[in-house]
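I opened this notebook to keep track of what I looked up and in which order. The entries follow below the display.

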Amino acid sequence: MKTVKYICAAATALLLCACESKAPRQEVDEPEFIVPEDFSENASISGIVTSVEDDIIAVLTEAGDTCSFAMTEALANQKVYGGYAVNDYVVVVPDNGDNAEELLNLTTLAGRWVMKNVAEEESGINIKEGGIASSINNDTQNFSSWTMDGTRLLLTWSGDGSDGTSELVDTCDIRYLSKDTLKIVSSYDPTLTTTYYRQK
């Protein structure tokens with residue numbers, strides 16, 4: 001049995017890049033079927049959804065393995081962020097069996113997310129392929145990159161302070177994600193939920 005590789009920053013970036021580049025995916029003749037019974041707690045895997053049948057999805061991982069997950073628990077607990085469909089790249093947090101506790105859709109996450117600033121102008125963040133991020137009409141936070149820690153979004157940005165320009169990493173819990181709306185809670189202010197909308 002092949003060892004399933006767990007998600008890391010570089011893997012997430014490469015997966016999203018492959019998803020949006022329209023390049024043909026490498027075909028796997030006979031992917032090995034994995035029952036993820038040995039996954040450690042809070043571990044996550046990423047890959048492309050190859051099939052959806054009722055509330056069960058199959059995910060083809062980077063290693064060429066196929067894992068099957070029941071989505072019933074994640075759906076019931078509203079822990080599915082961005083939905084899922086065949087050919088989407090996703091991050092799955094499984095339990096100790098074949099149930100998904102959480103799922104985040106990286107395909108849905110990519111894009112330009114904005115909100116109204118104090119001047120009633122649109123500002124926000126552009127989450128791009130390859131782990132690249134950039135600011136949208138935002139002089140306070142200069143976003144440069146992003147990655148995932150499980151289903152948490154890590155945003156790297158720089159800003160000017162009293163000690164000059166400093167680089168910070170903001171760990172954000174995603175509370176809601178759809179094709180049009182993104183709600184996150186920043187580690188810098190866990191009492192505040194920020195709502196972004198996909199820029200038209």
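**Entry 1: the loop before strand 6**

I began with D88, which I located in the loop between strand 5 (80-81) and strand 6 (89-94). I kept in mind throughout that this is a predicted model. Is D88 buried or exposed? I found a relative accessible area of 15% for D88, and because the cut-off for buried is under 20%, D88 counts as buried. I then looked at what the side chain of D88 reaches, and found the backbone nitrogen of A85 at 3.0 Å. Leaving aside residues up to four places away in sequence, I listed G47, I48, V49, N105 and T107 as the residues that D88 touches.

I moved to N87, which also lies in the loop between strand 5 and strand 6. I noted that the phi angle of N87 is near 80°, a positive value in a residue other than glycine. The relative accessibility of N87 is 39%, so I recorded N87 as partly exposed, whereas I had recorded D88 as buried.

**Entry 2: N137 and N117**

I looked up N137 next, since N137 too has a positive phi in a residue other than glycine, here near 50°. I placed N137 in the loop between strand 10 (133-136) and strand 11 (142-149), and with a relative accessible area of 45% I wrote N137 down as partly exposed.

Which residues does N117 touch, not counting those up to four places away in sequence? I found S123 and N137. I placed N117 itself in the loop between strand 8 (111-116) and strand 9 (122-127), so that, taking "contact" to mean heavy atoms within 4.5 Å, I have a contact that links this loop of N117 with N137, in the loop between strand 10 and strand 11. For the pair N117 and N137 I also noted a separation of 20 residues in sequence and of 9.2 Å in space, taken from C-alpha to C-alpha.

**Entry 3: strands 14 and 15**

I turned to strand 14 (residues 181-186), where five of the six residues are buried, and I therefore described this strand as largely enclosed by the rest of the structure. In what sense do strand 14 and strand 15 (residues 193-198) pair? I found that they pair in the antiparallel sense, over five bridges, and that the two form a hairpin with six residues between them. As one position to check by eye, I wrote down T181, which stands opposite Y197 in strand 15.

**Entry 4: cysteines**

I checked two cysteines for burial, and found C67 at 0% relative accessibility, which makes C67 buried, and C172 at a relative accessible area of 1%, which makes C172 buried as well. I then looked for disulfides, for which the two cysteine sulfur atoms have to lie within 2.5 Å, and the count came to zero.

**Entry 5: the protein as a whole**

I closed with the totals, and counted three helices and 15 strands in the protein. Of its 200 residues, 44% count as buried. The accessible surface comes to about 10800 Å², and carbon and sulfur atoms account for 47% of that area. Finally, among contacts between residues at least 6 apart in sequence, I recorded that 45% join residues at least 24 apart.

Methods: Residues are numbered from 1 along each chain as its sequence is written. This is a predicted model: local features need pLDDT of at least 70, side-chain atom pairs count only at pLDDT 80 or more; totals for chains, interfaces and linings use all residues. Side-chain values use heavy atoms; hydrogens and water are left out. Helices (H or I, at least four residues) and strands (E, at least two) are DSSP runs, numbered from the N terminus. Buried means under 20% relative accessible area, exposed over 50%, partly exposed in between (1.4 Å probe, protein chains only). A polar contact is a pair of N or O atoms within 3.5 Å; within protein, one must be able to donate a hydrogen and the other to accept it, and residues adjacent in sequence count only if both atoms are side-chain atoms. Two strands pair if DSSP finds at least two bridges between them. Accessible areas come from the Shrake-Rupley method with a 1.4 Å probe; for residues, only the protein chains shown count as cover.
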